[in-house]
Amino acid sequence: MAVRIHPSSNVAETAQIGDGSQIWLFCQVRDNAKIGKGCIFGKGVYVDNDVTIGDNVKIQNNVSVYVGVTIEDGVFVGPHVCFTNDKIPRAVNPDMSLKSAHDWKVTPTLVKAGAALGANSTIVCGTTIGKWAMVASGSVVTKDVPDHALVMGNPARIAGWVCACGTRVQLEPREGTEGKGTCSCGRTLVKEGGVVRLG
């Protein structure tokens, strides 16, 4: 399936775009970015140099994915999600000279497969968002989010657990586990050793 790039968008020649991906109005994809198959980028998405984005990722309007961010397969990034990549942001050095690329260090961020980031959430650099995790709209993620966790607030804290389908699942201690629950879709979540996984 052919790649679709809206004529208003600017995609660098060195960027790699997977089959079937769609890049809509006023997007910019910079040098050496790697975009997987079947992705959809809404209006005004910015993808920085050397960013890697997996297959079947949906990025909604006005999201900037800066260098240092890696997004795995099947991730949903809601409108206006804010990624950062600098732990100590300054425009200038202590002598008031303008900072250059050599005056700061990129701090990486990883969003694992199947995760969902709600609208207007902020992902502070240096964090990992676990598989199938869900970040509520407007939340500020300042530390790692475990697999299947639902986090919300500022700073974001665990408020529950979610299935791969996105439905919240109540985990109750049973059958020798720390917690177990069955989703309305029929999948089972199990918590063992502090880790939640599909059963």
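**Strands, loops and a surface patch in a predicted model**

Let me begin with β23 and β24, which run antiparallel and are joined by four bridges. I should say at once that what we are looking at is a predicted model, and I will try to keep my wording within what its coordinates give. Within this pair, the residue standing opposite Gly181 is Leu189 in β24. The two strands make up a hairpin with five residues between them, and in its turn Gly186 has a positive phi of about 105°.

If we now follow the chain onward, strand β24, which covers residues 188-192, pairs with β25 over four bridges, again in the antiparallel sense. Leu189, which we have just met opposite Gly181, has Leu198 as its bridge partner in β25, while Glu192 stands opposite Val195 of that strand. The hairpin of β24 and β25 has two residues between the strands, and Gly193 takes a positive phi near 60° there.

Putting these pieces together, we have an open sheet of three strands in the order β23-β24-β25, with antiparallel pairing. Its edge strands are β23, at residues 179-182, and β25, at residues 195-198, each of which pairs on one side only. From one strand to the next, the twist averages 15°.

Let me turn to the other sheet I wanted to show. This is an open sheet of six strands, ordered β3-β6-β9-β12-β15-β18, and here the pairing is parallel. At its edges lie β3, residues 16-17, and β18, each pairing on one side only. As a detail from this sheet, strand β12, residues 69-71, runs parallel to β15 and is joined to it by three bridges, with Thr70 standing opposite Leu110 of β15.

The edge strand β18 leads us to Ala133, which is found in the loop between β18, residues 128-129, and β19, residues 134-135. Is Ala133 buried or exposed? Its relative accessibility is 1%, and because buried means under 20%, Ala133 counts as buried. Leaving aside residues up to four places away in sequence, Ala133 touches Gly114, Ala115 and Ala116, and also Val145, Pro146, His148 and Ala149. There is also a C-alpha to C-alpha distance to mention, namely 11 Å between Ala133 and Ala159, which are 26 residues apart in sequence.

Next come some backbone details in loops. In the loop between β21, residues 149-152, and β22, residues 157-161, we find Pro155, and the peptide bond that joins Asn154 to Pro155 is cis, with omega about 0°.

Two residues other than glycine deserve a look for their phi values. Asn32, in the loop between β5 and β6, the latter at residues 34-35, has a phi near 65°, which is positive although the residue is not a glycine. With a relative accessible area of 39%, Asn32 is partly exposed. Met96 likewise is not a glycine and has a positive phi, of about 70°, and it is found in the loop between β14, residues 82-83, and β15, residues 109-111. Its relative accessibility is 62%, and since exposed means over 50%, Met96 counts as exposed.

Finally, I would like to come to the surface. Which residues form the nonpolar patch there? They are Trp24, Leu25, Phe26 and Ile40, and together they have about 330 Å² of accessible area. Phe26, to take one of them, has its place in the loop between β4, residues 22-23, and β5, residues 28-29. Its relative accessible area is 52%, so Phe26 is exposed.

To close, then, the picture I have tried to build holds an antiparallel open sheet of three strands and a parallel open sheet of six strands, together with the cis bond between Asn154 and Pro155, the buried Ala133 and the nonpolar surface patch that includes Phe26.

Definitions and conventions: Residues numbered from 1 in each chain as written. Predicted model: local features only at pLDDT ≥ 70, side-chain atom pairs only at ≥ 80, totals over all residues. Heavy atoms only, no water. Patch = residues over 30% accessible without salt bridge, like charges linked within 9 Å, V, L, I, M, F, W, Y side chains within 5 Å. Areas by Shrake-Rupley, 256 points an atom, 1.4 Å probe, with all protein chains shown as cover. Salt bridge = Lys/Arg side-chain N within 4 Å of Asp/Glu carboxyl O. Buried < 20%, exposed > 50% of the residue type's maximum accessible area, 1.4 Å probe, protein only. Pairing = 2+ DSSP bridges. Axes fitted to C-alpha atoms, helices over the stretch in contact; angles between N-to-C directions. Contact = heavy atoms within 4.5 Å.
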